[in-house]
Amino acid sequence: DDLVTLGDVWRRLPVRAEVKAGWWRVRAEDVPAGREERISWLFDQWDRIDAWITEHRSAPVTGTEG
């Protein structure tokens, strides 16, 4: 309940791995208005996210370093 912002997460969780993040903005007029078109657009956005994750994925951390 105390983890509200990204800064809260960063300070409170014991993360020793490198964390990469990316984001982009979409103008409201670029989001389709129709329900089916919006659903298709949203799935395309998820595909874009999946591709980004695959491209930037690092080797898994085993916990034996340093």
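These exercises with solutions concern a predicted model of one chain.

**Exercise 1.** State how many helices and strands the chain has, and what share of its residues is buried.

Solution. Start with the secondary structure: the chain contains two helices and zero strands. Then turn to burial: of the 66 residues, 3% are buried. Last, take the surface: about 6500 Å² is exposed, with 55% of it supplied by carbon and sulfur atoms.

**Exercise 2.** Find which residue lies over the face of W24, and say how many aromatic pairs the structure has.

Solution. Begin with the ring of W24: R48 lies over its face, 3.8 Å from the ring centre. Next come the aromatic pairs: a search of the whole structure gives zero.

**Exercise 3.** Decide whether R35 and E36 are buried or exposed, and give the distance in their salt bridge.

Solution. First, the contact: the closest N and O atoms of R35 and E36 are 3.2 Å apart. The relative accessible area of R35 is 63%, so R35 is exposed, the cut-off being over 50%. E36, at 52%, is exposed as well.

**Exercise 4.** Work out which residues are joined into one network by salt bridges that share partners.

Solution. Count the salt bridges: the structure holds three. One of them links E29 to R27, with 3.6 Å between the closest N and O atoms. R27 also meets D30 in a salt bridge, at 3.0 Å from N to O. Through shared partners, R27, E29 and D30 form one network. Now check exposure: E29 is exposed at 60%, R27 is exposed at 51%, and D30 is partly exposed at 40%.

Terms used:
Residues are numbered from 1 along each chain as its sequence is written. This is a predicted model: local features need pLDDT of at least 70, side-chain atom pairs count only at pLDDT 80 or more; totals for chains, interfaces and linings use all residues. Side-chain values use heavy atoms; hydrogens and water are left out. Helices (H or I, at least four residues) and strands (E, at least two) are DSSP runs, numbered from the N terminus. Buried means under 20% relative accessible area, exposed over 50%, partly exposed in between (1.4 Å probe, protein chains only). Accessible areas come from the Shrake-Rupley method with a 1.4 Å probe; for residues, only the protein chains shown count as cover. Rings of Phe, Tyr and Trp (its six-membered ring) pair if their centres lie within 6.5 Å; planes under 30 degrees apart count as stacked, over 60 as edge-to-face and the rest as tilted. A charge sits over a ring if NZ of Lys or CZ of Arg is within 6 Å of the ring centre and within 35 degrees of the ring normal. A salt bridge is a side-chain nitrogen of Lys or Arg within 4 Å of a carboxyl oxygen of Asp or Glu.
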